[in-house]
Every structure is written in C-alpha cells, then in structure tokens.
Amino acid sequence: MQNKGILLRQNAKTLFRQILIIAVSLLVVSIIVAIAGFSPQTMLSGLLHGVTGDLGGAVRWSIPLIFTGLAASVAFKAEVFNLGIDGQLNMGALAGTWVALSLSERVPRGVGLFAIIAAGCIAGMLFALIPTLLYVRFKADLVVTTLLLNFVAELLTDYAILGPLRPAGTASQAASTPKFAESFWLNKLDYLPSSNAHTGLYIAIAAAVIIWFVLRKTATGYEIKLVGANPDTAEESGINVKFIIIKAMLLSGLLAGLAGAVEMTGVLHQFPKRFNDGLGFDGIVVAVLANNNPLGVLLSGSFFGALKNGAANLQRLTNIPRPMVEIIQATIILAVTVKFSFKLRSRIGRRIKKERAAGKETES
C-alpha cells in the first residue's frame with residue numbers, strides 16, 4: 001500500500017511538472033508573439049485548433065512521438081544518451097518497407113504486418129548496437145557516434161530508394177519506393193474519419209505500458225535504473241554495467257525501429273526520400289518533459305503531437321507567418337530541454353573528473 005502511495009505521488013508530480021512546463025512555455029511564447037506584433041490569442045486559438053478542430057491530425061503525429069519518446073526514455077534511464085533515434089527510425093522504416101515490398105499479396109494480413117513490424121524492430125536494434133559496441137569496447141562517445149550514424153542512415157536510405165528499391169521504369173532521382181500492398185496497411189481509426197490517425201495508436205499505448213512494467217517491475221528494469229543512478233555502485237553490486245547498457249540501447253533501438261515500421265504501415269505505405277523531419281530529436285524532448293516516465297510519455301507525446309499538428313495549421317488559419325511558427329515551436333522545445341542540457345553537462349563533467357582521477361592513479 002505504501003509503495004502504491006509513493007508511486008501515485010511520483011506520477012502526480014510528473015504530471016504537475018509537465019503541465020507547469022507547458023504553461024510557462026506557452027506564456028513565454030505569447031510574450032514573444034505579442035512583441036512581434038501578432039495576437040497571442042490568435043496564436044493560442046490556432047494551436048488549440050490542432051486538437052479541437054483536427055483531433056485526427058494530432059493523434060497521427062502523437063503516435064511516432066510516443067514511440068521515439070519511449071526510445072529516448074529507456075536510454076536515459078541507463079544514463080546513456082541515444083541521439084541516433086532518427087537513424088534507427090529510418091533503418092526500421094527501410095527494413096519494414098523492404099519486407100512489405102517483398103511479400104506476396106497472398107500472405108495473410110496478420111502474418112505480413114507482424115513480419116514488417118518485426119523487421120523494423122530488428123533493424124532499429126542492430127543499428128543501435130553499432131555505437132553501443134564501439135562504446136563498451138573502445139570507449140567511443142555514444143553522443144558523438146549515435147549522432148553521426150544518423151547521417152549514415154540517411155545516406156543508406158537514399159541509396160536504397162535510388163537503387164535497389166527504385167520503382168521500375170522511373171528516373172534515377174526517384175522520390176520514394178513503390179507503395180506496398182494495401183493488405184499490409186494498418187487500419188484507420190473509425191471514430192476519427194478523414195484523417196491519417198491509425199491503429200498504431202494502440203501499439204504505442206501498449207508499448208508504453210510494457211516499458212513501464214519492464215522498468216518498474218522486472219530485474220532488468222531495476223538494473224537499468226541502478227546503472228543510470230550510479231554505475232560504480234551498480235558494478236560493486238555485481239551488475240555487468242556494459243551488458244546493461246547494451247540491453248538499454250537495444251531496447252531503445254527496437255522502439256525507434258518500431259516507430260519507423262508503424263509510420264510506414266500506418267501513414268505513408270511507401271518509403272519517401274527524407275520523410276523523417278526530426279521525429280527522433282522531438283522524441284528526446286518528449287522523454288525529458290515526461291521525466292523519462294513511460295506513462296508520462298503518453299501525455300507529453302500527445303502534447304507535442306498536437307503542437308506539431310497545430311503549428312502546421314497555424315499558418316493556414318492565421319496571419320502568423322511560417323518563420324514565426326518555427327520560433328513558437330523552438331521556444332517551447334527550448335523551455336522543455338533546459339533540464340536535459342544541464343543533465344548532459346553534468347554527465348560530461350562527471351566523466352572528465354573520473355578520467356582525471358584515473359589518470360592520477362596511473363601516474364602514482
């Protein structure tokens with residue numbers, strides 16, 4: 001009973017923190033909009049239209065942001081910073097598309113969807129494994145390697161679209177792969193007609209609940225949190241820190257690859273060139289706003305999905321120009337990521353101190 005009370009207070013604290021940050025962010029944005037000579041009320045009503053006037057669009061964008069938010073939160077729990085979620089998402093999307101294009105239409109729908117999504121998950125895991133092995137074996141900085149591998153993934157997907165997966169009979173500068181069979185598309189949500197909202201929402205909710213259970217109720221989750229809190233203490237306790245980091249990064253990559261596969265089967269139904277406009281980095285913001293709580297990611301992912309959709313509608317519905325819309329989005333993201341910046345700085349500081357201490361011991 002006492003543990004349930006503590007858990008309830010922690011979740012309430014996370015929820016209050018999310019609402020407070022969102023409110024402060026919108027207040028700051030309103031001031032900036034007013035200084036620029038536009039109406040804050042018009043801006044807020046335009047953003048609100050992203051939910052009230054186009055709920056389907058908000059749900060559509062919430063789905064990939066929940067997945068990428070979960071991917072970031074799992075890595076952050078182990079105190080490792082996976083900045084390669086975009087690349088892992090792209091590789092998951094590419095693998096899922098390749099499987100979808102390879103399957104015969106006679107393959108049962110359920111089997112085909114499972115194969116596509118499984119391929120995306122595996123591709124995301126394998127792509128996350130590359131920088132993780134470089135880290136545990138050669139101490140290569142995960143922040144740097146994961147970030148640089150985003151560009152590798154982008155170029156690999158470009159090659160696939162322009163080469164092996166190029167539509168037959170098209171010019172060399174194809175913009176996307178062919179569409180795969182409609183039997184392998186995720187269903188649209190019946191209660192949100194005329195929108196791109198799809199049943200990937202249920203997969204995202206299930207993923208959040210599963211990750212919450214793993215982190216909260218299993219030995220692996222306990223070890224991940226202990227390694228994140230204090231790797232030295234974890235190692236003294238007999239935990240293989242390197243192995244736990246590998247597990248956390250594999251799970252993070254799986255979720256990122258799942259995001260890519262669901263995006264293909266739910267919305268795009270083909271792989272368009274450079275379709276991903278930073279969903280991975282947005283997922284980092286989603287995780288930070290949720291304080292790395294998987295259930296909190298459902299709320300923060302929904303908020304940023306509505307924000308992304310509202311910002312897309314803002315220019316169309318109001319007289320606020322696109323550069324101002326981008327400033328609004330950037331201001332909210334900046335307000336949310338302040339904590340992440342301090343945390344990253346603290347981590348780098350601890351690593352430098354540890355390396356200096358190790359150097360002094362070697363000299364002595």
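In this predicted model, residues 24 or more positions apart account for 78% of the protein chain's contacts with a separation of 6 or more. The chain contains 14 helices and 0 strands, and buried residues make up 50% of its 364 residues. This briefing describes the overall composition, helix 10, the nonpolar core and the salt bridges.

**Overall composition**

- Read along the sequence, the chain follows the pattern α-α-α-α-α-α-α-α-α-α-α-α-α-α.
- The accessible surface of the protein chain comes to about 17,700 Å². Carbon and sulfur atoms account for 65% of that surface.

**Helix 10**

- Helix 10 spans residues 241-268 and has 28 residues. The distance from its first C-alpha to its last is 39 Å, close to the 40 Å expected at 1.5 Å a residue.
- Of the 28 residues in helix 10, 21 are buried, so this helix is largely enclosed by the rest of the structure.
- The residue that follows helix 10 is H269, which has a positive phi, near 60°.

**The nonpolar core**

- The largest nonpolar core comprises 90 residues, and the residues with the most contacts inside it are F67 and F304.
- Helix 10 gives the most to this core, contributing 13 residues.
- Leaving aside residues up to four places away in sequence, F67 touches G200, I203, A204, A207, L255, L258, A259 and V262.

**Salt bridges centred on R274**

- The count of salt bridges in the model comes to 5.
- One of them joins R274 to E154, with the closest N and O atoms 3.4 Å apart. R274 lies in the loop between helix 10 and helix 11 (279-289), whereas E154 belongs to helix 6 (residues 142-162), so the pair ties together parts that are 120 residues apart in sequence.
- R274 also meets D158 in a salt bridge, with an N to O distance of 2.5 Å. This pair links distant parts of the chain, as R274 is in the loop between helix 10 and helix 11 and D158 is in helix 6, 116 residues apart.
- Together, E154, D158 and R274 are linked in a network of salt bridges.
- The members of this network vary in accessibility. R274 has a relative accessibility of 44% and therefore counts as partly exposed. E154 is likewise partly exposed, with a relative accessible area of 27%. D158 has a relative accessibility of 8%, so this residue counts as buried; the cut-off for buried is under 20%.

**The salt bridge between D282 and K308**

- D282 forms a salt bridge with K308, and their closest N and O atoms are 3.7 Å apart. D282 is located in helix 11 and K308 in helix 12 (residues 294-317), so the pair ties together parts that are 26 residues apart in sequence.
- Both D282 and K308 are buried.

Note on methods. Residues are numbered from 1 along each chain as its sequence is written. This is a predicted model: local features need pLDDT of at least 70, side-chain atom pairs count only at pLDDT 80 or more; totals for chains, interfaces and linings use all residues. Side-chain values use heavy atoms; hydrogens and water are left out. Helices (H or I, at least four residues) and strands (E, at least two) are DSSP runs, numbered from the N terminus. Buried means under 20% relative accessible area, exposed over 50%, partly exposed in between (1.4 Å probe, protein chains only). Contact means heavy atoms within 4.5 Å. Accessible areas come from the Shrake-Rupley method with a 1.4 Å probe; for residues, only the protein chains shown count as cover. The expected span of a helix is 1.5 Å times one less than its number of residues. A nonpolar core is a set of buried Ala, Val, Leu, Ile, Met, Phe, Trp, Tyr and Cys residues joined through side-chain atoms within 4.5 Å. A salt bridge is a side-chain nitrogen of Lys or Arg within 4 Å of a carboxyl oxygen of Asp or Glu.
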